[in-house]
Amino acid sequence: MNEEFVNVSASPHIRAGSSTTAIMGDVIIALLPASVMGIFNFGLSAYIMIMVCVVSCVLFEALSEYFFKKKLTVRDLSAAVTGLLLALNLPPELPIWMAILGCGFAIVVVKQMFGGIGQNFMNPALAARCFLVMSFAGRMTSFTYDGVTTATPLTVLKNGGKVDLFTMFIGNEAGTIGETSAAALLIGAIYLLLRKVISLRIPFFYLFTFSACIMIYAFAGKEMELYDAAVFLAEHLCGGGLILGAFFMATDYATSPITKNGKIIFGIILGFLTFILRIYGGSAEGVSYAIIISNLLVPIIEMATKPKAFGEGYEKKPLSENLGFIGGRAGEKLEDIMPEGLTDDEIAIWKKEAAKGKKTERRERRKNSLAYTIISICVIGLLSGLALGAVYEITKDPIKKTAEKNKQESYAEVFVDTSDYVENTEIDIDEANKMANGLYPAKADIDEIVDAKNGDEVVGHILIMTAHDGYAGDIQMAIGIDGGGVITGVHMLTINETSGLGMEAKDDPDFTKQYIGKNVDSFTVTKTGATSDEEINAISGATITSKAVTNTINKAIAYARAQWGGEVVE
């Protein structure tokens, strides 16, 4: 053989015309409408967040590859795509250092430590988002729109409120930078489909399964009419990053199945998980966790849907392990493989064992079929949903009673001069929050207003408020204020700050005692020791928690005095 004419190369021997850089470039182009809408919606803070995340991810990739002694791959644009996707999944008001931390987690931990592009086991941008949600829940779930801290439409919907479907579709609402405009995301999705960067299989079965579950829930669980159920479905489709997740992150090449049937199963699992997490979970979201959980199932899905190799199944297989004979090839008759000279009883045994073998073979074939896999997953998902629903139905009343009992006990603690507490239903809470936001710019909301009464006389009020700028998440508290604007008590209802630090706001009564009995316009936090009624000693090592509580109380004072009167008495 003349070796000059032999060209040895690694597979694949037929290469596609597209490259990683071209594909990532198309993804960036597809995300531009959502990015522009996010900047238009949230202003300069959204632009800064996008730029910081993109630049940080590129730098983290370059530095990690340098230290790991790997080939530099920042030119393939994959790190830029990760940064852009992460930015679009973040609130625009998130502190920059938290965003940079998320970028480092996405690139270094999720991507580079597992081998780089194509080797990561879950979507890096979504993994980073979930990491930030678990680490800084309060910051990641605090949303501001037009300068006002407000809930996202999905949160309003989950709590039984009304939302504007058209606004959700266009995107003029609170949320993360890139999730709010379904219209902008659909434009980008159409671009990716036309460029054949993604397949429609995963998004279609994802959205179809989710839609089917939502419609069943709307009809059976909420007893809606057809029109109301359709609107309810449209609101869920337009909110919470479902479109962003379905077309831009669930279709990630490295973390989604490569087989056609696997893509279908993957989409169905995503739909079920998103439905369960949204409807029965504690959060109104669900897309991020549904995708990263499903990413972990991809190897199993691909094993179950692996296509049959050419010639597979032709090899000899035993008809019966009990008799231990070899058996025949496909299409071979039983008579062709039976030994000669068998008695009638022996022939009957052969036929009986052969029938068993065929029955077992049919059963195994059914188990390995796509229909069997899909039905099994659907049944498991349905049973899981029913189990979660049953647990919710069983526990919701005791939980509600316990919460109400805790509230009543907190009322008695923050307003000791009376024992009659009546919820104020005359004041609209949304209007109260608008008024409070105009009076004092703290990241806190009024959840409920309770009148403290002696007989028919209202002697003060208790405001149930939630601070959104705690170190580890939201802090809900009950604040008692008498008719003169004096703080009568402060009680923490829900707080998840760091043990031994921020938790002292609840565990150390000396901290909340600083507010009680004082008649001031507002409090300030000091680390050097309080010298006046207006100053509050910060908890050592927990200044953020101290300021969150103090700002919430200041907002309560401002609202109470504007609503019911009272002024500082010198």
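# A guided tour from helix α18 to the cavities

Begin by selecting helix α18, residues 429–439, whose buried residues (those under 20% relative accessible area, with exposed meaning over 50% and partly exposed in between, for a 1.4 Å probe and protein chains only) are A432, N433, A436 and N437. Looking down the axis of α18, you will find these buried residues within an arc of 135 degrees, so they line one face of the helix; the arc is that of the directions from the helix axis to the C-beta atoms. Add D430, K434 and G438 to the selection, and you have exposed residues on the face of α18 turned away from its buried side.

What you have open is a predicted model, in which local features need pLDDT of at least 70 and side-chain atom pairs count only at pLDDT 80 or more, while totals for chains, interfaces and linings use all residues. Residues are numbered from 1 along each chain as its sequence is written, and side-chain values use heavy atoms, with hydrogens and water left out.

Now show the whole chain, which has 21 helices and nine strands; helices (H or I, at least four residues) and strands (E, at least two) are DSSP runs, numbered from the N terminus. Of its 570 residues, 45% count as buried.

Next, select K158, which lies in helix α7, residues 153–158, and is partly exposed, with a relative accessible area of 33%. Add I279 as well: although K158 and I279 are 121 residues apart along the chain, their C-alpha atoms are separated by 7.6 Å.

The last stops are the cavities. A cavity is a set of points, on a 1 Å grid over the protein atoms alone, where a 1.4 Å probe fits but cannot get out, and its lining residues have an atom within 4 Å of a point. Grid points are joined across faces, edges and corners, and a volume is the space filled by probe spheres set on the points. The model has three cavities of 30 Å³ or more.

For the largest cavity, with about 50 Å³ of space, select its lining residues E93, L94, P95, R139, S142, T144, K443 and H468. For the second largest cavity, with about 40 Å³ of space, select N89, R129, E179, G240, G241, M249, E285, V287 and S288, which line it.

How values were computed. 1 Å grid on protein atoms, 1.4 Å probe; cavity = no way out; pocket = protein on both sides within 12 Å on 5 of 7 lines; lining within 4 Å.
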